[in-house]
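Colleague: Please take a close look at the salt bridges for me, and set out in one connected account where their partners sit and how exposed they are.

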Amino acid sequence: MAELSKNAAKIMDLVKELTIVELNDLVTAMEEEFGVSAAAPVMMAAGGAAGADEGPSTVNVELTSAGASKIAVIKVIREITGLGLKEAKGLADNGGAIKEGVDKAEGEELKAKLEEAGASVELK
């Protein structure tokens, strides 16, 4: 990470303390205030329409079971989503959407991470 100024470091420390909902609200407000987007730019595939028959370009990563290694799965959920311990444990206990509308390649990567930790995951 690049060296931050004193003010930037203070702001970073404050941002680290925000909940995921508060962080989302902050990003939305900053996008509106400065007329920018925090979304990553979309890269075009070299083949153009060649990937059109491969199915959807975005997927939802859904946890179906945390398996026997629930603690390891909770850690991965927190890493992926930025959720707090309670929220991540709730997902591990009940299953559900970990990330929605992600690039298919990213979805596969997240699925692999979760399965490596012992979870059962579906891409929809």
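Modeller: A residue is called buried when its relative accessible area is under 20%, exposed when that area is over 50%, and partly exposed in between, with a 1.4 Å probe and protein chains only. This is a predicted model, in which local features need pLDDT of at least 70 and side-chain atom pairs count only at pLDDT 80 or more, while totals for chains, interfaces and linings use all residues. Residues are numbered from 1 along each chain as its sequence is written, and side-chain values use heavy atoms, with hydrogens and water left out.

A salt bridge here is a side-chain nitrogen of Lys or Arg within 4 Å of a carboxyl oxygen of Asp or Glu, and by that rule the count comes to six. One of them pairs Glu62 with Lys124, with 3.7 Å from N to O. Glu62 belongs to strand 1 (residues 58-65) and Lys124 to the segment after strand 3 (120-123), so this pair ties together parts that are 62 residues apart in sequence; helices (H or I, at least four residues) and strands (E, at least two) are DSSP runs, numbered from the N terminus. Of these partners, Glu62 is partly exposed at a relative accessible area of 21%, whereas Lys124 is exposed at 52%.

Other bridges lie within a helix. Asp93 and Lys89 meet with 2.7 Å from N to O, and both are found in helix 4 (residues 85-94), four residues apart, which is about one turn of the helix. Each of these partners is partly exposed, Asp93 with a relative accessible area of 35% and Lys89 with one of 40%.

In helix 5 (residues 104-116), Glu115 and Lys111 are likewise four residues apart, or about one helical turn, and the closest N and O atoms of their salt bridge are 4.0 Å apart. Both side chains fall in the partly exposed class, Lys111 with a relative accessible area of 22% and Glu115 with 37%. Beyond single pairs, Glu62, Glu122 and Lys124 are joined into one network by salt bridges that share partners, and the pair of Glu62 and Lys124 described above is one of the bridges formed under this rule.
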